[in-house]
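Visitor: Please take one part of this model and look at it closely, following its contacts outward to whatever lies around it. I would like one connected account, with each term pinned down where it comes up.

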Amino acid sequence: MDYFLGVDVGTTNIKAAVFNLDGDLIAYHSVGNVIHHPTPDESEFYADEIWENLCTCIQTVAKEAGAENIRAIAASSMAESGVPIDREGKPLYPIIAWYDERTAPQMEELDQILGARRIYSITGQILSAKYGLCKMMWINEKHPDVMKKADRWLSVQDFVIYRLTGEYATDYTTAGRTLCFDINKLDWSDEIMEAVGLSTKLMAKPYPGGEKVGALSEAGAAATGLLPGTAVVTGGHDHCCAAIGINIFEDGAVLDSMGTSEVLMAATDQLVLSDETFRRRYAVYPHCGKKIYRILSSNPSCGSTIEWIFKTIGTDFAEKAEQDGQSKFYHMEQAAAKKNGEGLFFFPLIRGCLDDQYAKGVYWGLKDTHDQGDMVNAVINGICYEVKRHLEDYGRILGGTYNKLRIVGGIAKSDYIMQRKADINEKRTEVPVNRESACFGAALLAAIGSGYLTFDELEKYYKCAKAYDTHPETISRENFEEYVFLRERVLDIYKEARQHGIGKQ
(Lines give C-alpha, C1' and ligand atoms only; values in the text may rest on other atoms or scores of the structure.)
Protein backbone atom coordinates (compact mmCIF):
# COMPACT_ATOMS: atom_id res chain seq x y z
CA MET A 1 0.00 0.00 0.00
CA ASP A 2 1.17 3.51 -0.84
CA TYR A 3 0.26 6.11 1.76
CA PHE A 4 1.23 9.78 2.06
CA LEU A 5 1.48 11.89 5.17
CA GLY A 6 0.50 15.54 5.42
CA VAL A 7 1.11 17.49 8.62
CA ASP A 8 -0.17 20.93 9.51
CA VAL A 9 1.41 23.06 12.24
CA GLY A 10 -1.26 25.66 12.86
CA THR A 11 -1.65 28.42 15.39
CA THR A 12 -4.22 26.49 17.42
CA ASN A 13 -3.65 22.84 16.52
CA ILE A 14 -0.98 20.51 15.18
CA LYS A 15 -2.35 17.80 12.89
CA ALA A 16 -1.14 14.75 11.01
CA ALA A 17 -3.19 12.88 8.41
CA VAL A 18 -2.41 9.88 6.22
CA PHE A 19 -4.09 9.43 2.83
CA ASN A 20 -3.96 6.73 0.17
CA LEU A 21 -3.66 7.23 -3.58
CA ASP A 22 -7.44 7.34 -3.88
CA GLY A 23 -7.49 10.37 -1.57
CA ASP A 24 -9.12 8.46 1.30
CA LEU A 25 -8.25 9.45 4.86
CA ILE A 26 -6.53 6.48 6.53
CA ALA A 27 -5.44 7.94 9.87
CA TYR A 28 -5.69 11.30 11.64
CA HIS A 29 -4.50 12.78 14.91
CA SER A 30 -4.47 16.30 16.34
CA VAL A 31 -3.11 17.95 19.47
CA GLY A 32 -3.42 21.52 20.65
CA ASN A 33 -0.53 23.87 20.02
CA VAL A 34 0.73 25.54 23.17
CA ILE A 35 0.90 29.34 23.16
CA HIS A 36 2.98 31.08 25.83
CA HIS A 37 2.45 34.66 26.97
CA PRO A 38 5.58 36.15 28.58
CA THR A 39 3.56 39.36 28.94
CA PRO A 40 -0.19 39.92 28.40
CA ASP A 41 0.55 41.47 24.99
CA GLU A 42 3.07 38.88 23.77
CA SER A 43 2.50 35.41 22.31
CA GLU A 44 5.16 32.78 21.63
CA PHE A 45 5.64 29.13 20.78
CA TYR A 46 8.58 26.92 21.77
CA ALA A 47 10.14 25.19 18.77
CA ASP A 48 11.05 22.04 20.69
CA GLU A 49 7.53 21.85 22.09
CA ILE A 50 6.07 22.08 18.59
CA TRP A 51 8.41 19.31 17.47
CA GLU A 52 7.48 17.05 20.37
CA ASN A 53 3.75 17.51 19.77
CA LEU A 54 4.19 16.98 16.05
CA CYS A 55 6.08 13.76 16.73
CA THR A 56 3.20 12.58 18.93
CA CYS A 57 0.80 13.15 16.04
CA ILE A 58 3.05 11.41 13.51
CA GLN A 59 3.72 8.46 15.81
CA THR A 60 -0.01 7.98 16.31
CA VAL A 61 -0.94 7.95 12.62
CA ALA A 62 2.16 5.95 11.65
CA LYS A 63 1.16 3.24 14.09
CA GLU A 64 -2.42 3.18 12.80
CA ALA A 65 -1.57 3.30 9.09
CA GLY A 66 1.66 1.28 9.26
CA ALA A 67 4.93 3.16 8.93
CA GLU A 68 6.04 0.73 6.23
CA ASN A 69 3.22 2.01 3.98
CA ILE A 70 4.08 5.72 4.22
CA ARG A 71 6.12 6.74 1.20
CA ALA A 72 6.54 10.48 1.78
CA ILE A 73 5.75 13.37 4.12
CA ALA A 74 5.19 17.10 3.54
CA ALA A 75 4.32 19.90 5.94
CA SER A 76 1.83 22.74 5.91
CA SER A 77 2.30 25.42 8.55
CA MET A 78 1.56 28.91 9.77
CA ALA A 79 3.80 30.93 7.56
CA GLU A 80 5.19 34.10 9.10
CA SER A 81 6.76 32.82 12.33
CA GLY A 82 10.29 31.49 12.59
CA VAL A 83 13.12 30.51 14.89
CA PRO A 84 16.88 31.21 14.94
CA ILE A 85 19.00 28.08 15.48
CA ASP A 86 22.70 27.58 16.13
CA ARG A 87 25.08 25.25 14.26
CA GLU A 88 23.92 22.28 16.30
CA GLY A 89 20.29 23.01 15.47
CA LYS A 90 19.41 24.29 18.94
CA PRO A 91 16.64 26.93 19.00
CA LEU A 92 18.02 30.19 20.34
CA TYR A 93 14.78 32.07 20.98
CA PRO A 94 11.05 31.32 21.20
CA ILE A 95 8.96 31.51 18.02
CA ILE A 96 7.16 34.87 18.09
CA ALA A 97 3.54 34.31 17.02
CA TRP A 98 2.66 35.76 13.63
CA TYR A 99 0.01 38.04 15.16
CA ASP A 100 2.24 39.37 17.99
CA GLU A 101 2.38 43.17 17.58
CA ARG A 102 5.70 43.78 19.37
CA THR A 103 7.40 44.03 15.96
CA ALA A 104 5.38 47.05 14.78
CA PRO A 105 8.38 49.44 15.23
CA GLN A 106 10.44 47.21 12.93
CA MET A 107 7.69 47.37 10.31
CA GLU A 108 7.80 51.18 10.51
CA GLU A 109 11.59 51.09 10.21
CA LEU A 110 11.31 48.99 7.04
CA ASP A 111 8.89 51.51 5.61
CA GLN A 112 11.37 54.31 6.28
CA ILE A 113 14.35 52.39 4.86
CA LEU A 114 12.84 50.89 1.70
CA GLY A 115 9.21 51.96 1.47
CA ALA A 116 6.17 49.71 1.32
CA ARG A 117 5.83 49.97 -2.48
CA ARG A 118 9.46 48.94 -3.11
CA ILE A 119 9.11 46.01 -0.72
CA TYR A 120 5.94 44.95 -2.55
CA SER A 121 7.67 45.10 -5.94
CA ILE A 122 10.29 42.65 -4.64
CA THR A 123 8.31 40.34 -2.37
CA GLY A 124 4.68 40.66 -3.45
CA GLN A 125 3.73 41.14 0.20
CA ILE A 126 2.01 44.08 1.87
CA LEU A 127 4.18 45.53 4.62
CA SER A 128 3.05 44.24 8.01
CA ALA A 129 4.48 43.60 11.45
CA LYS A 130 3.62 39.90 11.21
CA TYR A 131 6.34 38.89 8.76
CA GLY A 132 9.46 36.93 9.63
CA LEU A 133 11.86 39.75 8.74
CA CYS A 134 10.28 42.03 11.35
CA LYS A 135 10.80 39.30 13.94
CA MET A 136 14.45 38.88 12.91
CA MET A 137 14.96 42.63 13.21
CA TRP A 138 13.28 42.72 16.64
CA ILE A 139 15.45 39.90 18.01
CA ASN A 140 18.55 41.49 16.48
CA GLU A 141 17.73 44.77 18.23
CA LYS A 142 16.56 43.41 21.59
CA HIS A 143 18.80 40.32 21.82
CA PRO A 144 21.79 40.91 19.50
CA ASP A 145 23.71 38.02 21.06
CA VAL A 146 21.03 35.63 19.76
CA MET A 147 21.39 36.67 16.14
CA LYS A 148 25.18 36.62 16.43
CA LYS A 149 24.97 32.96 17.42
CA ALA A 150 22.36 32.14 14.79
CA ASP A 151 23.45 29.88 11.97
CA ARG A 152 20.03 29.84 10.29
CA TRP A 153 16.60 31.42 10.51
CA LEU A 154 13.99 28.74 9.91
CA SER A 155 10.29 29.36 9.39
CA VAL A 156 8.05 26.75 11.01
CA GLN A 157 7.86 24.47 7.97
CA ASP A 158 11.64 24.80 7.51
CA PHE A 159 12.20 23.77 11.13
CA VAL A 160 10.07 20.66 10.61
CA ILE A 161 12.03 19.74 7.46
CA TYR A 162 15.30 20.30 9.31
CA ARG A 163 14.28 18.05 12.19
CA LEU A 164 13.14 15.36 9.77
CA THR A 165 16.16 15.42 7.48
CA GLY A 166 18.96 17.68 8.74
CA GLU A 167 18.53 19.73 5.54
CA TYR A 168 17.92 23.49 5.31
CA ALA A 169 15.03 23.84 2.88
CA THR A 170 11.91 25.95 2.46
CA ASP A 171 9.23 26.39 -0.18
CA TYR A 172 8.40 29.54 -2.13
CA THR A 173 5.23 30.37 -0.16
CA THR A 174 6.84 30.05 3.24
CA ALA A 175 9.84 32.02 1.99
CA GLY A 176 7.45 34.64 0.63
CA ARG A 177 5.99 35.28 4.08
CA THR A 178 9.37 36.28 5.52
CA LEU A 179 9.27 39.60 3.58
CA CYS A 180 12.80 39.10 2.25
CA PHE A 181 12.19 36.69 -0.66
CA ASP A 182 12.43 38.08 -4.19
CA ILE A 183 9.55 36.52 -6.13
CA ASN A 184 10.88 37.94 -9.39
CA LYS A 185 14.03 35.82 -9.26
CA LEU A 186 12.74 33.14 -6.84
CA ASP A 187 15.59 33.66 -4.40
CA TRP A 188 16.43 35.67 -1.30
CA SER A 189 16.71 39.44 -1.67
CA ASP A 190 20.18 40.80 -0.98
CA GLU A 191 18.77 44.33 -1.23
CA ILE A 192 16.31 43.85 1.62
CA MET A 193 18.58 41.83 3.89
CA GLU A 194 21.53 44.20 3.47
CA ALA A 195 19.25 47.17 4.16
CA VAL A 196 18.50 45.79 7.64
CA GLY A 197 22.02 44.52 8.39
CA LEU A 198 21.30 40.80 7.96
CA SER A 199 22.61 38.18 5.53
CA THR A 200 20.78 35.89 3.12
CA LYS A 201 23.11 33.15 4.39
CA LEU A 202 20.73 32.84 7.35
CA MET A 203 17.99 31.55 5.11
CA ALA A 204 17.15 28.02 3.93
CA LYS A 205 17.37 27.04 0.27
CA PRO A 206 14.04 27.79 -1.49
CA TYR A 207 12.18 25.24 -3.61
CA PRO A 208 8.73 25.09 -5.19
CA GLY A 209 6.09 23.18 -3.26
CA GLY A 210 6.01 19.47 -4.07
CA GLU A 211 9.80 19.11 -4.37
CA LYS A 212 11.71 16.31 -2.67
CA VAL A 213 14.39 17.93 -0.49
CA GLY A 214 15.69 15.00 1.51
CA ALA A 215 15.05 11.69 3.18
CA LEU A 216 14.06 10.96 6.75
CA SER A 217 17.20 10.69 8.87
CA GLU A 218 17.82 8.05 11.54
CA ALA A 219 17.16 10.68 14.21
CA GLY A 220 13.99 11.82 12.44
CA ALA A 221 12.80 8.23 12.13
CA ALA A 222 13.43 7.51 15.80
CA ALA A 223 11.47 10.58 16.83
CA THR A 224 8.46 10.06 14.53
CA GLY A 225 8.10 6.30 14.21
CA LEU A 226 8.48 6.50 10.43
CA LEU A 227 11.04 4.52 8.48
CA PRO A 228 14.48 5.99 7.70
CA GLY A 229 14.70 7.06 4.08
CA THR A 230 11.06 8.11 3.78
CA ALA A 231 10.91 10.97 1.26
CA VAL A 232 10.52 14.48 2.69
CA VAL A 233 8.89 16.99 0.35
CA THR A 234 8.20 20.73 0.53
CA GLY A 235 4.62 21.68 1.40
CA GLY A 236 3.87 25.31 2.05
CA HIS A 237 1.90 28.04 3.74
CA ASP A 238 -1.28 26.49 5.16
CA HIS A 239 -3.67 28.33 2.83
CA CYS A 240 -1.55 27.38 -0.18
CA CYS A 241 -1.61 23.71 0.81
CA ALA A 242 -5.38 23.93 1.29
CA ALA A 243 -5.57 25.37 -2.23
CA ILE A 244 -3.83 22.26 -3.56
CA GLY A 245 -6.37 20.13 -1.71
CA ILE A 246 -9.27 21.84 -3.53
CA ASN A 247 -7.44 21.84 -6.92
CA ILE A 248 -6.85 25.53 -7.36
CA PHE A 249 -5.52 24.84 -10.86
CA GLU A 250 -9.00 24.18 -12.25
CA ASP A 251 -10.14 27.15 -14.30
CA GLY A 252 -12.58 29.32 -12.36
CA ALA A 253 -11.82 27.80 -8.94
CA VAL A 254 -11.11 29.97 -5.91
CA LEU A 255 -10.19 28.84 -2.40
CA ASP A 256 -12.33 30.44 0.30
CA SER A 257 -10.96 29.55 3.73
CA MET A 258 -13.47 30.64 6.38
CA GLY A 259 -11.74 30.59 9.72
CA THR A 260 -11.27 33.33 12.30
CA SER A 261 -10.35 35.39 9.26
CA GLU A 262 -11.47 34.66 5.71
CA VAL A 263 -8.83 34.12 3.05
CA LEU A 264 -9.44 34.03 -0.70
CA MET A 265 -6.85 32.60 -3.06
CA ALA A 266 -6.73 32.19 -6.83
CA ALA A 267 -4.01 30.69 -9.02
CA THR A 268 -2.59 32.38 -12.10
CA ASP A 269 0.34 32.00 -14.47
CA GLN A 270 0.86 35.79 -14.38
CA LEU A 271 3.12 37.65 -11.97
CA VAL A 272 0.92 40.66 -11.23
CA LEU A 273 2.55 43.32 -9.04
CA SER A 274 0.61 46.35 -10.18
CA ASP A 275 -0.28 49.63 -8.51
CA GLU A 276 -3.83 48.33 -8.22
CA THR A 277 -2.92 45.08 -6.46
CA PHE A 278 -0.75 47.13 -4.12
CA ARG A 279 -3.52 49.64 -3.48
CA ARG A 280 -5.97 46.80 -2.86
CA ARG A 281 -3.36 45.23 -0.55
CA TYR A 282 -3.44 41.84 -2.29
CA ALA A 283 -0.48 39.55 -1.63
CA VAL A 284 1.09 37.77 -4.60
CA TYR A 285 3.57 34.94 -4.42
CA PRO A 286 4.67 31.74 -6.18
CA HIS A 287 4.09 28.17 -5.07
CA CYS A 288 4.06 25.32 -7.59
CA GLY A 289 2.31 23.74 -10.59
CA LYS A 290 1.23 24.99 -13.99
CA LYS A 291 -0.26 28.17 -12.49
CA ILE A 292 2.64 28.99 -10.23
CA TYR A 293 1.47 32.29 -8.75
CA ARG A 294 -1.15 32.87 -6.04
CA ILE A 295 -3.08 36.03 -5.36
CA LEU A 296 -4.36 36.28 -1.80
CA SER A 297 -6.79 38.62 -0.11
CA SER A 298 -8.54 38.44 3.22
CA ASN A 299 -11.15 39.73 5.60
CA PRO A 300 -9.60 39.55 9.10
CA SER A 301 -13.09 39.38 10.64
CA CYS A 302 -15.07 36.34 9.53
CA GLY A 303 -15.41 33.60 12.13
CA SER A 304 -14.61 36.21 14.77
CA THR A 305 -17.70 38.14 13.66
CA ILE A 306 -19.91 35.05 13.93
CA GLU A 307 -18.52 34.41 17.41
CA TRP A 308 -19.30 38.04 18.28
CA ILE A 309 -22.94 37.33 17.40
CA PHE A 310 -23.03 34.40 19.82
CA LYS A 311 -21.50 36.52 22.60
CA THR A 312 -23.77 39.54 22.13
CA ILE A 313 -26.97 39.78 20.12
CA GLY A 314 -27.31 36.00 19.86
CA THR A 315 -26.64 34.73 23.37
CA ASP A 316 -30.03 33.02 23.31
CA PHE A 317 -28.99 30.79 20.40
CA ALA A 318 -26.81 28.66 22.70
CA GLU A 319 -29.58 28.58 25.30
CA LYS A 320 -32.10 27.35 22.72
CA ALA A 321 -29.60 24.76 21.51
CA GLU A 322 -29.31 23.31 25.01
CA GLN A 323 -33.08 23.04 25.21
CA ASP A 324 -33.84 21.35 21.89
CA GLY A 325 -30.57 19.64 20.97
CA GLN A 326 -30.07 21.69 17.81
CA SER A 327 -26.87 23.67 17.29
CA LYS A 328 -26.48 27.37 18.00
CA PHE A 329 -25.71 27.77 14.28
CA TYR A 330 -29.14 26.32 13.51
CA HIS A 331 -30.88 28.89 15.70
CA MET A 332 -28.79 31.71 14.24
CA GLU A 333 -29.79 30.59 10.74
CA GLN A 334 -33.45 30.40 11.71
CA ALA A 335 -33.37 33.97 13.00
CA ALA A 336 -31.60 35.28 9.90
CA ALA A 337 -33.72 33.37 7.37
CA LYS A 338 -36.92 35.09 8.56
CA LYS A 339 -35.53 38.55 7.75
CA ASN A 340 -34.01 40.36 4.81
CA GLY A 341 -32.58 43.30 6.77
CA GLU A 342 -33.70 45.77 4.11
CA GLY A 343 -31.83 49.05 4.51
CA LEU A 344 -29.54 47.65 7.21
CA PHE A 345 -25.84 47.08 6.54
CA PHE A 346 -23.09 45.68 8.72
CA PHE A 347 -19.44 46.24 7.87
CA PRO A 348 -17.53 43.24 9.33
CA LEU A 349 -14.40 45.18 10.28
CA ILE A 350 -14.21 44.26 13.96
CA ARG A 351 -10.55 43.29 13.49
CA GLY A 352 -9.83 45.89 10.86
CA CYS A 353 -9.47 45.21 7.13
CA LEU A 354 -6.84 45.23 4.41
CA ASP A 355 -7.71 48.85 3.62
CA ASP A 356 -7.44 50.06 7.22
CA GLN A 357 -6.14 47.92 10.06
CA TYR A 358 -7.62 50.39 12.60
CA ALA A 359 -11.18 50.31 11.25
CA LYS A 360 -13.92 48.72 13.37
CA GLY A 361 -17.29 47.10 12.75
CA VAL A 362 -20.28 49.33 12.02
CA TYR A 363 -24.04 48.93 11.64
CA TRP A 364 -25.47 51.42 9.15
CA GLY A 365 -29.16 52.22 8.87
CA LEU A 366 -30.26 50.68 12.16
CA LYS A 367 -33.89 51.52 13.00
CA ASP A 368 -36.18 50.69 15.89
CA THR A 369 -38.09 48.36 13.56
CA HIS A 370 -35.03 46.13 13.06
CA ASP A 371 -34.71 43.13 15.34
CA GLN A 372 -32.26 40.33 16.11
CA GLY A 373 -32.89 38.52 12.82
CA ASP A 374 -32.28 41.66 10.77
CA MET A 375 -29.04 42.31 12.63
CA VAL A 376 -27.78 38.74 12.20
CA ASN A 377 -28.72 38.73 8.52
CA ALA A 378 -26.84 42.00 7.98
CA VAL A 379 -23.71 40.44 9.50
CA ILE A 380 -23.91 37.43 7.18
CA ASN A 381 -24.54 39.67 4.17
CA GLY A 382 -21.56 41.83 5.11
CA ILE A 383 -19.24 38.82 5.23
CA CYS A 384 -20.49 37.77 1.78
CA TYR A 385 -20.20 41.29 0.32
CA GLU A 386 -16.54 41.43 1.39
CA VAL A 387 -15.88 38.29 -0.65
CA LYS A 388 -17.75 39.71 -3.63
CA ARG A 389 -15.57 42.83 -3.60
CA HIS A 390 -12.44 40.72 -3.86
CA LEU A 391 -13.79 38.33 -6.49
CA GLU A 392 -14.74 41.20 -8.78
CA ASP A 393 -11.23 42.58 -8.36
CA TYR A 394 -9.73 39.18 -9.25
CA GLY A 395 -11.72 38.99 -12.47
CA ARG A 396 -10.72 42.48 -13.51
CA ILE A 397 -7.04 42.27 -12.50
CA LEU A 398 -6.34 38.75 -13.77
CA GLY A 399 -8.75 38.77 -16.68
CA GLY A 400 -10.28 35.44 -15.72
CA THR A 401 -13.74 34.21 -14.83
CA TYR A 402 -14.00 32.86 -11.30
CA ASN A 403 -17.25 30.97 -10.92
CA LYS A 404 -16.53 28.28 -8.32
CA LEU A 405 -16.02 29.10 -4.65
CA ARG A 406 -14.59 26.14 -2.74
CA ILE A 407 -15.07 26.58 0.99
CA VAL A 408 -12.98 25.14 3.81
CA GLY A 409 -13.37 25.90 7.50
CA GLY A 410 -15.94 25.31 10.20
CA ILE A 411 -18.47 27.85 8.88
CA ALA A 412 -18.92 25.61 5.82
CA LYS A 413 -21.26 23.55 8.03
CA SER A 414 -23.87 26.31 7.81
CA ASP A 415 -26.24 25.67 4.89
CA TYR A 416 -27.76 29.11 5.25
CA ILE A 417 -24.44 30.97 5.04
CA MET A 418 -23.26 28.81 2.14
CA GLN A 419 -26.45 29.47 0.16
CA ARG A 420 -26.30 33.16 0.99
CA LYS A 421 -22.70 33.22 -0.22
CA ALA A 422 -23.66 31.50 -3.48
CA ASP A 423 -26.51 33.93 -4.13
CA ILE A 424 -24.74 37.18 -3.22
CA ASN A 425 -21.53 36.28 -5.05
CA GLU A 426 -23.36 34.71 -8.01
CA LYS A 427 -20.93 31.80 -7.83
CA ARG A 428 -21.46 28.09 -7.42
CA THR A 429 -20.35 27.42 -3.86
CA GLU A 430 -18.87 24.02 -3.00
CA VAL A 431 -17.84 22.31 0.22
CA PRO A 432 -15.22 19.59 -0.35
CA VAL A 433 -15.46 16.08 1.05
CA ASN A 434 -12.12 16.46 2.76
CA ARG A 435 -12.28 19.38 5.16
CA GLU A 436 -8.71 18.86 6.42
CA SER A 437 -7.60 20.57 3.26
CA ALA A 438 -4.20 21.78 4.50
CA CYS A 439 -3.15 18.27 5.54
CA PHE A 440 -4.67 16.82 2.37
CA GLY A 441 -2.88 19.33 0.15
CA ALA A 442 0.43 18.63 1.91
CA ALA A 443 -0.09 14.88 1.43
CA LEU A 444 -0.79 15.39 -2.28
CA LEU A 445 2.41 17.43 -2.57
CA ALA A 446 4.24 14.60 -0.78
CA ALA A 447 2.91 12.17 -3.41
CA ILE A 448 3.93 14.52 -6.24
CA GLY A 449 7.42 15.11 -4.83
CA SER A 450 8.03 11.38 -4.41
CA GLY A 451 6.95 10.59 -7.96
CA TYR A 452 3.59 8.92 -7.32
CA LEU A 453 1.48 11.74 -8.78
CA THR A 454 1.72 14.70 -11.13
CA PHE A 455 0.08 18.11 -10.87
CA ASP A 456 -2.07 17.21 -13.89
CA GLU A 457 -3.70 14.42 -11.87
CA LEU A 458 -4.94 16.67 -9.05
CA GLU A 459 -8.34 17.12 -10.68
CA LYS A 460 -9.38 13.59 -9.74
CA TYR A 461 -8.68 14.26 -6.04
CA TYR A 462 -11.10 17.10 -5.58
CA LYS A 463 -14.46 15.75 -4.45
CA CYS A 464 -17.43 17.96 -3.68
CA ALA A 465 -19.51 16.97 -0.66
CA LYS A 466 -22.22 19.58 -1.18
CA ALA A 467 -22.84 22.27 -3.76
CA TYR A 468 -24.98 25.39 -3.56
CA ASP A 469 -26.13 26.75 -6.90
CA THR A 470 -26.59 30.46 -7.20
CA HIS A 471 -29.95 32.19 -7.38
CA PRO A 472 -28.86 35.79 -8.06
CA GLU A 473 -32.43 36.86 -8.78
CA THR A 474 -33.02 36.69 -5.03
CA ILE A 475 -30.36 39.36 -4.38
CA SER A 476 -30.41 43.01 -5.37
CA ARG A 477 -27.27 44.24 -7.14
CA GLU A 478 -28.18 47.69 -5.82
CA ASN A 479 -27.68 46.46 -2.26
CA PHE A 480 -24.10 45.44 -3.04
CA GLU A 481 -23.36 48.74 -4.75
CA GLU A 482 -24.80 50.59 -1.76
CA TYR A 483 -22.62 48.46 0.53
CA VAL A 484 -19.46 49.35 -1.43
CA PHE A 485 -20.37 53.05 -1.51
CA LEU A 486 -21.11 53.20 2.22
CA ARG A 487 -18.04 51.13 3.10
CA GLU A 488 -15.79 53.72 1.48
CA ARG A 489 -17.52 56.48 3.47
CA VAL A 490 -17.10 54.51 6.71
CA LEU A 491 -13.35 54.15 6.10
CA ASP A 492 -13.12 57.85 5.28
CA ILE A 493 -14.77 58.66 8.63
CA TYR A 494 -12.30 56.45 10.52
CA LYS A 495 -9.36 58.07 8.74
CA GLU A 496 -10.61 61.59 9.44
CA ALA A 497 -11.34 60.69 13.08
CA ARG A 498 -7.73 59.55 13.59
CA GLN A 499 -6.50 62.84 12.15
CA HIS A 500 -8.40 64.46 15.00
CA GLY A 501 -6.88 62.11 17.56
CA ILE A 502 -9.91 59.82 17.77
CA GLY A 503 -9.49 56.06 17.55
CA LYS A 504 -6.56 53.74 16.66
CA GLN A 505 -7.26 51.33 19.54
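Guide: Helix 15 (372-398) lies across strand 15 (253-258), strand 16 (262-268), strand 18 (293-299) and strand 21, running at about 15 degrees to strand 16; helices (H or I, at least four residues) and strands (E, at least two) are DSSP runs numbered from the N terminus. Angles here run from 0 to 180 degrees between N-to-C directions, with axes fitted to C-alpha atoms, for helices over the stretch in contact. Helix 16 (415-425) also packs on the sheet, where strand 15, strand 16, strand 21, strand 22 and strand 23 are touched by this helix, and the direction of helix 16 makes about 55 degrees with that of strand 23. The model is a predicted one, in which local features need pLDDT of at least 70, side-chain atom pairs count only at pLDDT 80 or more, and totals for chains, interfaces and linings use all residues. Residues are numbered from 1 along each chain as its sequence is written, and side-chain values use heavy atoms, with hydrogens and water left out.

The sheet beneath these helices is open, with 7 strands in the order 17-18-16-15-21-22-23 and mixed pairing; two strands pair if DSSP finds at least two bridges between them. Strand 17 (283-286) and strand 23 (464-468) each have a single partner strand and stand at the edges, so one side of each is left without a neighbour in the sheet. On average, direction ignored, neighbouring strands of this sheet are turned by 25 degrees against each other. Within the sheet, strand 21 (residues 404-408) and strand 22 (residues 428-432) pair in the parallel sense over 3 bridges, and the bridge partner that Arg406 finds in strand 22 is Glu430. Cys464 is partly exposed at 33% relative accessibility; with a 1.4 Å probe and protein chains only, buried means under 20% relative accessible area, exposed over 50%, and partly exposed in between. The sulfur of Cys464 lies 17 Å from the closest cysteine sulfur, that of Cys384, too far for a bond.

Helix 15 and helix 16 also belong, with helix 12 and helix 13 (315-324), to what covers the buried residues of helix 14. Those buried residues are His331, Met332, Glu333, Ala335 and Ala336. The axis of helix 14 (residues 328-337) and that of helix 12 (residues 303-311) come within 12 Å and cross at roughly 85 degrees. Where they are in contact, meaning heavy atoms within 4.5 Å, Ile306, Glu307, Ile309 and Phe310 of helix 12 meet Lys328, Phe329 and Met332 of helix 14. The loop between helix 12 and helix 13 contains Gly314, which is buried with a relative accessible area of 0%. Leaving aside residues up to four places away in sequence, Gly314 touches Ile309 and Gln372, and a separation of 19 Å lies between the C-alpha atoms of Gly314 and Gly259, which are 55 residues apart along the chain.

Elsewhere in the model there is an open sheet of 6 strands, ordered 3-2-1-5-14-13 and again of mixed pairing. The edges are held by strand 3 (25-32) and strand 13 (212-215), each with a single partner strand, so one side of each has no neighbour in the sheet. Neighbouring strands of this sheet are turned by 20 degrees against each other on average, direction ignored. Strand 5 (residues 70-77) pairs with strand 14 (residues 231-237) in the parallel sense over 5 bridges, and Ala74 has Val233 as its bridge partner in strand 14. Helix 1 (residues 47-65) packs on this sheet, touching strand 1 (3-9), strand 2 (13-20), strand 3 and strand 5, and its direction makes about 155 degrees with that of strand 3. Helix 6 (residues 156-165) lies across strand 1, strand 5, strand 13 and strand 14, and runs at about 170 degrees to strand 14.

One further helix contact completes the account: the axes of helix 10 (residues 238-245) and helix 17 (residues 437-449) come within 7 Å and cross at roughly 75 degrees. Asp238, Cys241, Ala242, Ile244 and Gly245 of helix 10 meet a set of residues in helix 17 that includes Phe440, Leu444 and Leu445.

Methods
A disulfide is a pair of cysteine sulfur atoms within 2.5 Å.
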